[in-house]
Amino acid sequence: SSETDAYMKKHEITVRGDNVPHPFMNYGSTRFPSTILSEFESAGFSSPSPIQAQSWPIALQGRDIVAVAKTGSGKTLGYLVPGFAHIHKYRDGDSFGTKVLVIAPTRELATQIQTEAKKFGKSSSISSTCVYGGADKGPQLRAIQKGVDIIIATPGRLNDFLKSGKLSLAQVSYVVLDEADRMLDMGFEPQIRAIFSELPAERQTLMFTATWPKEVRKMAGDMLHTPVQVNIGNTDD
Ligand code: ADP
Ligand code: MG
């Protein structure tokens with residue numbers, strides 16, 4: 001519609017892919033549970049940010065996404081909230097285990113993501129834990145073994161756990177690479193590839209990045225399945 005076109009133009013949203021759904025210009029059109037909507041309200045968030053508005057309907061269709069948007073644009077909730085919906089699809093079934101894996105470059109970032117997951121996932125009783133290097137392994141393993149909906153991990157420590165057989169990702173079906181560009185800059189590509197070799201082929205994969213250089217394009221080509229691409233603003237592609 002012309003309203004959608006005007007919204008996309010105003011917020012510099014460009015998409016690439018077949019039959020890309022329209023952005024959710026307001027919370028009402030998301031049909032998220034009222035519990036989550038009330039979290040946005042109490043956070044004082046009056047409308048979805050552009051990357052959220054466009055990523056949410058695509059992610060909710062179960063499709064792979066590449067989302068390119070600058071720092072501070074709200075990418076975390078862009079992938080977490082559809083992740084909550086993904087978890088809820090399994091809630092009444094007899095399938096157990098961690099369904100959502102978020103891979104992020106640093107301990108600080110992993111911790112921030114968990115803070116956001118706790119705050120916005122609390123009312124939908126979403127559990128999460130962090131896995132990162134430079135800290136004892138025991139407490140992290142015990143937290144995982146208790147069973148959590150979301151694991152937020154840095155590549156090195158996650159790969160260590162996988163190699164030692166202490167962790168299985170067999171039930172994971174929603175995988176996020178956050179700050180993909182930064183992870184590649186930091187040299188994490190081998191660990192990320194090793195982790196992906198342990199992931200179920202039947203999965204949804206979402207890549208969030210602030211920039212879109214050729215190394216990131218290459219990884220997206222190797223790890224995502226016909227992704228829809230969303231760009232906000234001028235992100236040189
Ligand atoms: P990015 O990952 O793109 O750098 P973040 O996800 O860290 O951005 O979000 C940046 C800040 O914006 C955070 O403080 C977050 O809580 C806030 N934020 C996220 N979504 C919204 C929204 N819809 N409205 C207002 N603020 C938001
Ligand atoms: Mg971020």
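**Notebook: ligand 1 and the sheet**

I tallied the shell around ligand 1 by class and got 4 nonpolar, 8 polar and 3 charged residues. My classes: Ala, Val, Leu, Ile, Met, Phe, Trp, Tyr, Cys and Pro are nonpolar, Asp, Glu, Lys and Arg charged, and the others, Gly among them, polar. This is a predicted model, where local features need pLDDT of at least 70 and side-chain atom pairs pLDDT 80 or more, while totals for chains, interfaces and linings use all residues. Residues are numbered from 1 along each chain, chains are lettered from A and ligands numbered from 1 as written, and side-chain values use heavy atoms, without hydrogens and water.

Next, the shell itself. Of its 15 residues, S47, Q52, G72, K75 and T76 come nearest (near: a heavy atom within 4 Å). Helix α4 (75-90) gives the most, 3 residues (helices are DSSP runs of H or I, at least four residues; strands are E, at least two).

I then checked polar contacts (N or O pairs within 3.5 Å). The T76 side chain has an N or O atom 2.6 Å from an oxygen of ligand 1. For S73, a backbone N or O atom is 3.1 Å from a ligand 1 oxygen, and for G74 a backbone atom also gives 3.1 Å. The protein covers 69% of the 570 Å² accessible area that ligand 1 has on its own (Shrake-Rupley, 1.4 Å probe).

Last, the sheet. I read 8 strands in an open, mixed sheet, ordered β1-β8-β2-β7-β6-β3-β5-β4 (pairing takes at least two DSSP bridges). The edge strands are β1 (13-16) and β4 (128-131).

Notes:
A polar contact is a pair of N or O atoms within 3.5 Å; within protein, one must be able to donate a hydrogen and the other to accept it, and residues adjacent in sequence count only if both atoms are side-chain atoms.
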